[in-house]
Amino acid sequence: MNSSFTSQIQDWLIGASFGNGLPQQADAKPQLPDVFEVPVLPLRDLVVYPRSVTPLTVGRERSLRALDMARSLGLAVALAQKSVEVEDPRPSNLYEIGTVVAIGRVLNLPDGSASLIVQGRARVRVVEWLQATPFLLARVETLREPQAQSPAAEALMRAVLSLFDNVVGLNERIPEEAFVYAMNIHEPGWLADFIAQTMPLNVPTRQSILEAVDPVSRLQKLSTVLARELDVLELEDRIHERAQSEVDKSQREYYLREQLRSIQTELGEMDAGMGEINLLRERLKQKALPDAVRERAEHEIAKLEQLHSMSPEVSVVRDYVEWLLELPWMESTPDILDVKRAARILDERHYGLGKAKERILEHIAVRKLKGDLSRSPILCFVGPPGTGKTSLARSIADSLGRKFVRMSVGGVHDEAEIRGHRRTYVGALPGRILQTMRRAGTVNPLFVLDEIDKLGSDFRGDPSAALLEVLDPEQNFEFEDHYLDLPYDLSKVMWVTTANYLYDIPPALRDRLEVIEFPGYVEEEKLEIARRFLVPKQIAENGLDGLQPPGAKPAITFSDDVLRRIIREYTYEAGVRNLDRAVATICRKVARRVAEGKPHVHRLTPGMLPRFLGPPQFDFGKMDEQDQIGVANGVAWDEAGGDLMQIEVTLMEGKGELILTGQLGDVMQESAKAAVSYARSRANELGIARRTFEKSDIHIHVPEGAISKEGPSAGITMATALVSALTRIPVRRDVAMTGEITLRGRVLPIGGLKEKLLSAHRAGIRTFIMPKKNAKDLEEVPRKVQRDLTLIQVTTMDEVLRVALVSQPQPLAPLPRKASKKDKSPAKPSKT
């Protein structure tokens, strides 16, 4: 127990006399007057209570002068400062209520300050400040403490003592003897003052208790303070116990593990952690790695050895080493550079796609001649869904003898999906590029980046920008993943990207790609694909190939007429996915009948299709049965193929307005206006009266109004239908046409000629009018289609009308020219 604290408590309880500078017994104290003048001692961060014995140190000049005056009087007033920062306090800086103290022993120190002991006598209130210099002097009144011996006061004393007991038990800074002394105090006011003096409270709280003159009120305030302090101490105790428990548990586990390690060492055994580290070292010795990677792996394994097995960093370091050892750094597969073999594989698995096949065979030929010095191409297959982009990439990998891996980047918004997260993040992993390379197991796979046109970007970064380094041959030999933090060589990878729309690919990324377009399959190509690939595949997948002996015909056969009707009436697409599904549906229905032991169809006919597939889902354009006025056959195309498109023109009485319907786009509306202007400019040559344009409204309509239409290629078709309506000459029903028209009647080239010719051929058209400048595109059109159609190549509308109209319009007779005044004047005789 603290001896000074004990002596103070004893002096307080027994009230020693002022022998040797100590206070007298409380009962022997003379009564203070009600009002008296006394010097003031300002106190910083301290409040003195009545009956308490408190040591003070006085160092400020005015306080020393006040102490000299107080020694002569034997009394002073101790007032607490409102702010401890005030060095030279004025009356406004002090509280009004303080304690009259008796001056005990005073000791002058060498630095000029004084140390003294004071004992609180009574509470006083400052009535008037008499002076501020050379020291503070005030007139004060004594605050008499009322008697508080009552059952309520007794109950409060017991409650306060109970709280104080708990606080002493939890606060190590308060000695346990303090509670013993408090139990021997029987006055409510004295008990409150003693506990307040003992507790570690701030100055405002101490002052509020000092200002409570009524003992019961003082005990109530103290009870609130003790309850709040007890809550804080209990919370601190729980936190300390929890922390100590964790520390004790860790120390115990560490001690036990050290013992286990010592026992295993004595027995010649090895713990699991060391066994795992040795296994990593063995794998590192057997793995072919670049020097920088090997050095990093050895450093991380050495770091792993130093870590405690229960450290959370162990799993982070171990996972990193695992990635270094599992990624392919030097492993590769030898390329099979046999051009004929590659061509055979590509032709066996894919029909058409000549440009893509040719480019791959060229690459194989260059690699065969130049070796590894040649760069791998970065291809981009662009085309509608279902046209074989991804499957062709797989066939390319097989023809080269390379591993095939695929990664879909559609919908990726986070740059970290490409580059990975840094190891500082919890659960960090490499990006999907390196994850896919680990799955490939070689440094030279064929890597497909699917749906590259559907990359996204947001606040997390732009993945397309991260792909710039991946797909740039000048940079990808040192690709750095954030997790790996080492350069990784991607230059040996053969990259193939796929997209549905080229314009959705960012320009900087598109510039790094070699684009190969997949325009979509036409009807003849779909028919051949179904015959060669789809029908045999679905017969085998549905178990219908094992019903007949080897070499016999399959259990069900599809004729060309059946396949053609499926293509025309049950599918409408650029690829062959829906065609494959339709064939699969028929095979499944036949397989069910076979499994049930019922008779089934062996040879499918077109008339049976509604039984298997339901009513036709689509209609395709067909040639009209007779020639009509104001109706011309145009052709349209989209990614799903081409189709016949009729354009209708009718005249009505009106004011010369032009009405356009059929959901025409801006370019198509401009083509219609250009056709009208052409017809008006050639009215005389076409036998059209000029008043016809002024007295009639022209209505141009393109059927299937729910479908939006756009493009300039229907220009000559609109002009032909318009001239037919104006001249009342029918248009030949077996003629279809395409081409852009100018105001002077010139015919300009268009796109999609292959699809348009095939749609006209399918509809039974015999004559096809096309721009002469599109003659170069005929190389892509099947020979059979070119033989069946009469192709008319034109450069002007006059040539179009000569072929398209049943008869030629007759020009109007020129109007007689009115004679002018000059013509009516007599002629002057000529001079000879």
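**Contacts along the chain.** I looked up how far apart in sequence the contacting residues lie in this predicted model. Of the contacts in the protein chain with a separation of 6 or more, 74% join residues 24 or more positions apart.

**Chain totals.** I then listed the secondary structure and found 28 helices and 24 strands in the protein chain. The chain has 832 residues, and 46% of them count as buried. For the surface, I noted an exposed area of about 43,300 Å², of which carbon and sulfur atoms supply 50%.

**Largest pocket.** I recorded a volume of about 1,200 Å³ for the largest pocket. Its lining comprises 38 residues, and those closest to the pocket centre are Pro519, Gly520, Lys754, Glu755 and Glu780. I next checked which elements give two or more residues to this lining; they are α12, β13 (514–517), α18 (523–541), β16 (631–638) and α25 (753–762). The greatest contribution comes from α18, with 5 residues. By residue class, I entered 17 nonpolar, 8 polar and 13 charged residues for the lining.

**His363.** I turned to helix α12, which spans residues 354–370 and contains His363. Is His363 buried or exposed? I entered His363 as buried, because its relative accessibility is 4%, under the 20% cut-off. I also looked up its contacts, setting aside neighbours within four places in sequence. His363 touches Arg375, Ser376, Pro377 and Met494. As noted for the pocket, α12 is one of the elements that give two or more residues to the lining.

Notes
Residues numbered from 1 in each chain as written. Predicted model: local features only at pLDDT ≥ 70, side-chain atom pairs only at ≥ 80, totals over all residues. Heavy atoms only, no water. Helix = DSSP H or I, 4+ residues; strand = E, 2+ residues; numbered from the N terminus. Buried < 20%, exposed > 50% of the residue type's maximum accessible area, 1.4 Å probe, protein only. Contact = heavy atoms within 4.5 Å. Areas by Shrake-Rupley, 256 points an atom, 1.4 Å probe, with all protein chains shown as cover. 1 Å grid on protein atoms, 1.4 Å probe; cavity = no way out; pocket = protein on both sides within 12 Å on 5 of 7 lines; lining within 4 Å. Points joined across faces, edges and corners; volume = space filled by probe spheres on them. Nonpolar A, V, L, I, M, F, W, Y, C, P; charged D, E, K, R; others polar.
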